[in-house]
Amino acid sequence: MFQKILIANRGEIAVRIIRACRDLQIAPVAVFSEPDAGALHVRMAHEAYCIGPAASTESYLNIGAIIEAAQKAGADAIHPGYGFLAENAQFARAVGAAGLTFIGPTPAAMEVMGSKTSARRAAAAAGAPVVPGTTEGLKSFAEASELAAQFGYPIMLKAAAGGGGKGMRQVAGPGELHSAFAGAQSEAAAAFGDSEIYLEKIVEKPRHIEIQVFADTRGNYVHLGERECSIQRRHQKVIEECPSPIGDQSLRERMGEAAVKIARAVDYVGAGTVEFLFSDITRDFFFLEMNTRLQVEHPVTELVTGIDLVREQIAVAAGAKLSFKQEDIRWQGHAIECRVYAEDPDNNFFPSPGRITFLRVPSGPGIRDDGGVAEGDEVSIHYDPMISKLAAWGPTRAQAIDRIRRALDEYAVGGIKTTLPIFREIVRDEEFIAGRLDTGFISRFNERREDRTVDESRTDRDMAVIAASLAYARGQSKAKRSESSGEESKWKKAARDAGLHRAPSRRVFERR
Amino acid sequence: MKLDANIGDVQSAIDFRDEGERVFAEISGRSYQIEVRELAAGRYTLMCEGTVFECRVEGASESGKSVDVFVGNRQFSIAITDPKRLRSAATASAQADGAARIIAPMPGKVVRVLVEAGAQVAAGDGIVVVEAMKMQNEMKSPKAGMVSSLEVEQGATVNAGDVLAIIE
């Protein structure tokens, strides 16, 4: 087993991995950029090394600096977390070349799945259904035009090197294709350094359902069931749950089987996620992409299966056999997770950096919060503005909703804006409660929201005015008091200057 | 104390009496009697007829400045304006111009009124004596003129910012 693991990441995922290390009594080594010197993940580590200035390219993406830190610390292994270098084959190779273990899959598996076109080819070759479309990059606009007509509009243009909703364009008809093609290409080049784009037919009423897969180095492959991540804003997941409200056991088995086949096809090792689109209309599922790393929303799978995925990642990387077989896996109850971001929902979800002046994280039965900040910490503009992932588990979906609603109401953050208010509304929304989810959920929810009349409690407003007035009045009195106590001490000062003393000196008495 | 509160474009007047653990307030005709516990500066638990309101005021309160106020997890942006603060600020800058107001610098009690309404006073003459924190403070007229109004009488309790007399 490893003695020391360096975590090549920051924020909540670094904290998560540090906790798994502490569970296993492995010394966690943190890395930080200059502005992160006071961050929570650094404070929780055994050792920490500065790897560069604020810019990610010079710090958290700085392969040389990270490996140097690992060698200085004498770490045996590196855990990349998610994002940053987690799916970077060059980094995985460099870690291996430095004699350290990379906690994750092989560079080869990363490369196959890193390009969306090559991933589609691999999945198709493994016999899995893929979203209808091209499995090669589009060579020209003419080709795009021909294929789009062949597959049938509406279509989606996507970056082969892409992710996170960048380099994507939805095209309703041939008239839009030209500008969409140019736009997608340039965005892809800017975001990923690779302008290759491909084409997919739009799936009707799609639900985003992904399968957690796990493999060890001994050829054992399992799937840990599905997560539904259909509630997305601009292709970014905001609420995830396990299991899917569809609740179809046979669908889980078929999708799980397809996912395992795909993982086997690339000799996968460790934790991975195979993402699918499921059509609510045709009831078909299609391979979308595979993420060769631990996923942000892994807590919901952990809560429902009882398996600690990060602990298992470390064990498998150290050479252990998977501690469970497919038939051992049970899904109990239901878990829902909300991503609490430092963003302003009233200002188009613009990032809201700043100092967290107040933080009350909810607790109680069935509540799990994976946070990366503490009260007093600064949410920086340089990185992903995630505060925490709040998850609730319940024996049924209805009870999980009761708990997440209660926990969201308890959660209080001061000094910055967060996405908490919008989540409080979503968990009370009738479509959410009914589990009628697909990737169009958020835009329909926003429409419903506009029609809703806001329940304006006048008493709450009056109490707010009273509180503000008290703060003002008491603040003024306090200021006055400290001013006048300043005057009093001037008297004392004058007395001191005149050489007056309060009591006669001892010597006088003794002399008598 | 009388203040103006602005929430968005809604303005309301609040008149309240702060007795420490109890506060009496009237806002636009609605009266409240509230139990108050101050946990820390700006953090109050208000109890009104049994209902609990957990309140948090963020940022330093200054007249005219907007602060974020949380009541439970409902958020409001409120600007409190102290009408007396505005007038005294105006007076401070326009000295020779118009009436001079004698303003209580801190909460206290009027122990003596030294002049009568209508009296002629010279600059530096004592107008009222206010006792606060076991000290007596004689408030003097800043200019020569006539005491056009006396706002308080002996024994009255005053708050910081209250106008005691006007000299014209």
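1. In chain A, 65% of the contacts with a separation of 6 or more are between residues 24 or more positions apart. Contact here is a matter of C-beta atoms, placed from the backbone, lying within 7 Å of each other. Keep in mind that this is a predicted model, where local features need pLDDT of at least 70, side-chain atom pairs count only at pLDDT 80 or more, and totals for chains, interfaces and linings use all residues. Residues are numbered from 1 along each chain as its sequence is written, while chains are lettered from A and ligands numbered from 1 in the order in which they are written.

2. Some basics on chain A: it has 17 helices and 22 strands, both taken as DSSP runs numbered from the N terminus (helices H or I, at least four residues; strands E, at least two). Its C-alpha trace spans about 115 × 60 × 45 Å along the principal axes. Of its 512 residues, 47% are buried, meaning that 20 or more other C-beta atoms lie within 10 Å of a residue's own; 12 or fewer makes a residue exposed, and in between it is partly exposed, with C-beta atoms placed from the backbone.

3. Have a look at the largest nonpolar core, with its 120 residues. Such a core is a set of buried Ala, Val, Leu, Ile, Met, Phe, Trp, Tyr and Cys residues joined through C-beta atoms within 7 Å. Among the residues with the most contacts inside it are Leu6(A), Ile78(A) and Ile262(A). Helix H1 (residues 11-23) of chain A supplies the largest share, seven residues. At least three residues come from each of domain 1 (4-103) and domain 3 (206-451) of chain A, with bounds from an automatic or database domain assignment. Apart from this core lies another, of 32 residues, including Phe16(B) and Val67(B).

4. How do H4(A) and H5(A) run relative to each other? Helix H4 (residues 89-97) and helix H5 (residues 107-114) of chain A pack at about 175 degrees, with axes 8 Å apart. Axes are lines fitted to C-alpha atoms, for helices over the stretch in contact, and angles run from 0 to 180 degrees between N-to-C directions. H4(A) and H5(A) are therefore roughly antiparallel, as angles over 145 degrees count as such (under 35 is roughly parallel, 65 to 115 roughly perpendicular, the rest oblique). Ala89(A), Ala92(A) and Arg93(A) of H4(A) meet Pro107(A), Met110(A), Glu111(A) and Gly114(A) of H5(A).

5. Now the chain pairing: 25 residues of chain A are in contact with 38 residues of chain B. On the chain A side, H16(A) gives the most, with 19 residues. That side has twelve nonpolar, eight polar and five charged residues (nonpolar: Ala, Val, Leu, Ile, Met, Phe, Trp, Tyr, Cys and Pro; charged: Asp, Glu, Lys and Arg; polar: the others, Gly among them).

6. Some backbone oddities deserve a check. Most residues other than glycine have a negative phi, and most peptide bonds are trans. Tyr153(A) and Pro154(A) are joined by a cis peptide bond, omega about 0 degrees, and Cys242(A) and Pro243(A) by another, omega about -10 degrees.

7. Phe84(A), not a glycine, has a positive phi of about 40 degrees; Asp267(A), also not a glycine, has one of about 50 degrees. Phe84(A) is buried, with 22 other C-beta atoms within 10 Å, whereas Asp267(A) counts as partly exposed, with 15 C-beta neighbours inside 10 Å.

Notes
Two residues are in contact if their C-beta atoms, placed from the backbone, lie within 7 Å.
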